[in-house]
Each structure stands twice: as structure tokens, then as C-alpha cells.
Number of protein chains: 2
Amino acid sequence: MKFYDCQTAPSPRRVRMFIAEKGLDIPSVEVNLREREHLQAPFLAVNPFATVPVLALDDGTILRSTAGCRAYLESAFPSPPLLGGDAVGKGVVADLVWRIEADAIAPVAECLRNTARGMKDRALTGVENYEQLPQLAERGRRRAERFFPVLERLLGERPFLAGERISAADIDAFVFVEFARWVKIEVPGECTGVRRWHEAMSARPSAGR
Amino acid sequence: MKFYDCQTAPSPRRVRMFIAEKGLDIPSVEVNLREREHLQAPFLAVNPFATVPVLALDDGTILRSTAGCRAYLESAFPSPPLLGGDAVGKGVVADLVWRIEADAIAPVAECLRNTARGMKDRALTGVENYEQLPQLAERGRRRAERFFPVLERLLGERPFLAGERISAADIDAFVFVEFARWVKIEVPGECTGVRRWHEAMSARPSAGR
């Protein structure tokens with residue numbers, strides 16, 4: 001098995017932390033996105049969609065999304081469960097993961113990719129170029145900021161988003177908080193639950209990976 | 001258990017077909033999106049995110065996304081598996097489902113929601129209003145059109161996207177093809193594999209649901 005990673009990007013981090021929380025040690029290959037290595041022939045042969053994370057399995061199967069990599073890992077290495085324990089738990093975690101991707105991580109990506117000078121014509125991942133849309137960046141910022149009170153409500157008094165145990169939802173929300181800093185968005189002071197949870201997440205060994 | 005559905009919307013259809021392919025009979029409630037029932041207090045009490053599908057479980061848990069509803073149903077009613085059989089299969093289906101949502105269904109939604117007159121200021125789902133961005137509609141159209149050759153390649157010579165058996169990926173790709181018609185995008189003639197597969201999908205009882 002081989003994990004195609006990039007230390008500077010949020011999506012591979014969602015899988016990297018997942019691997020760390022599973023206690024797995026998977027050989028990894030660093031793909032230098034800043035040098036546009038993902039748009040060059042050797043990597044495109046692995047993933048024509050030109051994105052990381054990628055997980056190349058021993059049977060030749062290649063998984064080319066965060067969701068795909070984690071669904072495989074959860075089933076192949078079930079302990080500890082990170083996508084939910086029983087049926088209800090699996091539903092709850094999938095719900096949270098979807099929400100965080102759609103309403104938190106994607107908006108930050110919209111804000112960043114539609115403004116960063118180094119991402120001119122790279123408003124979306126992939127091999128096709130798409131021009132930056134300033135209005136989309138602004139909308140992304142508004143949406144990302146609005147997610148903090150939602151996260152506060154989702155968290156409530158629980159130690160983790162899905163309850164007593166860490167799940168992929170916590171990993172993703174943590175990656176969102178860290179990613180939001182790239183566009184100068186910080187956890188608002190009034191989100192005391194999020195701040196408490198973020199501090200606990202930051203202290204986990206997986207957060208440094 | 002109760003399923004909050006809407007016969008005229010693509011996302012609940014992804015769950016409705018999933019339920020039908022599982023052979024389940026779950027009591028459903030029709031939420032009239034055109035009458036903006038999802039933005040009124042009774043439904044917001046069920047789902048503050050103001051979207052369908054929603055699955056209300058007997059233990060009181062409420063799942064508020066396609067992903068959440070299906071993860072629960074797959075675990076509670078494992079046969080036939082629609083999110084993959086073994087670990088590799090689960091990875092492959094999750095990969096496809098993610099890809100189809102991100103690169104096919106979302107672009108059609110962008111195209112529709114940023115142009116339809118009845119969706120003024122409703123460029124995104126949810127309780128917040130967001131203005132329509134014509135450039136995003138145009139980008140969504142380009143992306144949706146570009147997905148057909150990708151779908152053709154993903155399908156290859158297989159009867160279904162993940163191989164010999166139907167999966168959630170086929171449901172989602174089918175919903176994409178049907179949804180694309182709303183913005184006058186049809187399967188290109190040269191995508192003969194997609195046309196063959198779409199014909200077979202259309203003939204399944206679940207397609208009429």
C-alpha cells in the first residue's frame with residue numbers, strides 16, 4: 001500500500017490524521033503541489049484527476065478521494081472505528097463529515113483558490129483550468145465564518161462531535177479550523193466549546209502529522 | 001423510521017432509489033420545496049439546515065444528508081450491499097460517489113440554482129440567502145458537460161460503475177444524467193457506454209421511484 005500525501009494541503013491531511021488515529025504506518029510519497037508535480041505525467045498516470053490524497057492498494061486498485069481512502073481503511077482496519085460504531089453511529093459520522101466538507105472546508109477552499117495569486121486560473125483542482133471568481137471567494141469567506149456557530153451547536157457539551165469518541169468528523173473539523181487560518185479566519189471568541197475541543201484536538205499526536 | 005422526501009429534487013432521489021434498491025418500504029413525508037415548506041418552522045424543527053433528504057430514526061436520531069441516510073441504511077440493512085462489498089469495494093464505491101457528487105451533481109446544481117428565476121437569492125440550499133452568480137452557472141455547465149467522457153471512462157466495459165453489481169455510484173450517476181436535463185444537457189452521442197448503462201438503469205423499478 002502506498003499513500004500519496006502533501007504536507008501543505010488540507011485534503012491529504014484528512015487522510016493522514018485518519019491513518020495516524022488508526023495507529024497505522026503506511027509508506028507515503030510526498031507530492032509537491034507547489035511545484036505542480038500533480039499536473040505532471042508521472043503523477044497523472046496514478047491519478048488523472050490530479051489530486052491528493054491517493055491510496056494505491058496492493059491489488060492495484062487506486063483510490064483517488066478522501067472518502068474513498070477512508071472507506072477502504074475503515075473496513076480493512078476496523079479498530080478503532082473512525083466512521084462510526086453501530087449503524088446509527090455510522091449515519092451520524094457520515095452526516096457530520098458531509099456537512100463539514102460542504103459547509104466548512106469547501107467554502108475555505110473557495111475563498112483561498114479564488115483569491116491567491118499563485119492560484120490564478122486554478123480556482124478548482126483537477127487538470128482543467130478555471131478562472132478565479134472574486135464573488136465566489138467572498139461568498140466562501142462568509143460561509144466559512146458562519147460555520148463556527150454551527151460547529152458550536154453540533155459539538156454541544158460533548159467531548160467529540162459524534163459523542164464520547166473521536167471520529168473522522170473531528171479530524172475534518174480540525175482540518176477546517178487550521179485551513180481557515182490560511183485566509184485569516186480564526187475561531188470566534190464566543191465559540192467556547194469549539195475552542196475547548198480545538199485545544200484537545202491540537203494536543204493529539206495525529207494533529208502533528 | 002420516517003423519510004422526508006421531495007419528488008421533484010435530485011438529492012432525495014439518491015436516497016429514494018437507494019431505499020428501493022434495498023427493497024425497503026419506509027414511510028415517507030413529502031416536503032414541497034416549491035412551496036418553500038423546507039423554510040418554514042415545522043420542517044426547520046426537523047432539519048435546521050432546511051434540506052431534504054432527512055431520515056428520522058426510531059431512537060430519535062435525525063440524519064440530514066444523503067451520505068448520512070445511506071451510511072445508516074447500509075449498516076442497518078446490509079443486503080444487498082450498495083456501498084461496496086469488501087474493503088476494496090467500499091473504497092471504490094465511496095470514491096465514485098464522491099467524484100459524481102463533486103464533479104457532476106454539484107456542477108448541475110450550480111448551473112440551475114444560479115440561473116433559475118424561481119431561485120433568485122437561493123443560489124445555495126439552506127436558510128441563508130446567497131445571490132446568483134452567472135459566472136458560476138456558466139462554469140457549472142462546462143463542468144457538467146465535461147463529466148460525460150469521464151463517466152464513459154469510469155464505466156468502461158462494465159455493466160455497472162463498480163463492476164458486476166449495482167451500487168450507490170450508479171444511482172448517483174443516474175440522478176446526475178436526469179438532473180442535467182433540467183439545464184438542457186443530454187448524454188453526448190459518442191458516450192455509447194453511458195447510453196447503454198443509462199438505458200439499463202432507466203428500466204429498473206427503482207428509477208421510477
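Here is a short tour of a predicted model, one selection at a time.

**Stop 1: two helices in chain B**

Start by selecting residues 10–22 of chain B, which make up helix H1, and residues 66–76 of chain B, which make up helix H3. Two packed helices are described by the angle between their axes and the distance between the axes. Here the axes come within 9 Å and cross at roughly 10°. That angle is under 35 degrees, so H1(B) and H3(B) count as roughly parallel to each other.

Now show the side chains where these helices touch. On H1(B), pick Ser11(B), Arg14(B), Val15(B), Phe18(B), Ile19(B) and Lys22(B). On H3(B), pick Thr66(B), Cys69(B), Arg70(B), Leu73(B) and Glu74(B). Try colouring them by class: you should get five nonpolar, two polar and four charged residues.

**Stop 2: where chain B meets chain A**

Zoom out and give the chains their own colours. How many residues of chain B are in contact with chain A? The count is 42, and they touch 42 residues of chain A. Between them, the two chains bury about 3600 Å², with 60% of it on carbon and sulfur atoms.

Next, select Phe49(B), Tyr130(B) and Arg139(B). This trio supplies 17% of the area that chain B buries against chain A, more than any other three residues.

**Stop 3: polar pairs across the interface**

Stay at the interface and look for charged partners. Side chains of opposite charge can pair when their charged atoms come close. Chain B and chain A have two salt bridges between them. For a salt bridge to click on, select Glu128(A) and Arg146(B), whose side chains meet at 3.4 Å, N to O. There are also twelve residue pairs in polar contact across this interface, counting those with both residues at pLDDT 80 or more.

Which elements of chain B give two or more residues to this side? They are strand S4 (62–63), H3, helix H4 (87–113) and helix H5 (134–155). Highlight H4(B), since you've got it handy: the largest share, eleven residues, comes from this helix. By class, the side of chain B that touches chain A has 20 nonpolar, seven polar and 15 charged residues.

**Stop 4: a salt bridge inside chain A**

Over all chains, the salt bridges come to 30. To finish, select Asp5(A) and Arg16(A), which form a salt bridge with their closest N and O atoms 2.7 Å apart. Asp5(A) lies in strand S1 (residues 2–5) and Arg16(A) in helix H1 (residues 10–21) of chain A, so this pair ties together parts that are eleven residues apart in sequence.

Methods:
Residues are numbered from 1 along each chain as its sequence is written. Chains are lettered from A and ligands numbered from 1 in the order in which they are written. This is a predicted model: local features need pLDDT of at least 70, side-chain atom pairs count only at pLDDT 80 or more; totals for chains, interfaces and linings use all residues. Side-chain values use heavy atoms; hydrogens and water are left out. Axes are lines fitted to C-alpha atoms, for helices over the stretch in contact, and angles run from 0 to 180 degrees between N-to-C directions. Helices (H or I, at least four residues) and strands (E, at least two) are DSSP runs, numbered from the N terminus. Angles under 35 degrees count as roughly parallel, over 145 as roughly antiparallel, 65 to 115 as roughly perpendicular and the rest as oblique. Contact means heavy atoms within 4.5 Å. Ala, Val, Leu, Ile, Met, Phe, Trp, Tyr, Cys and Pro count as nonpolar, Asp, Glu, Lys and Arg as charged, and the others, Gly among them, as polar. Buried area is the accessible area (1.4 Å probe) that two parts lose on being put together, summed over both. A salt bridge is a side-chain nitrogen of Lys or Arg within 4 Å of a carboxyl oxygen of Asp or Glu. A polar contact is a pair of N or O atoms within 3.5 Å; within protein, one must be able to donate a hydrogen and the other to accept it, and residues adjacent in sequence count only if both atoms are side-chain atoms.
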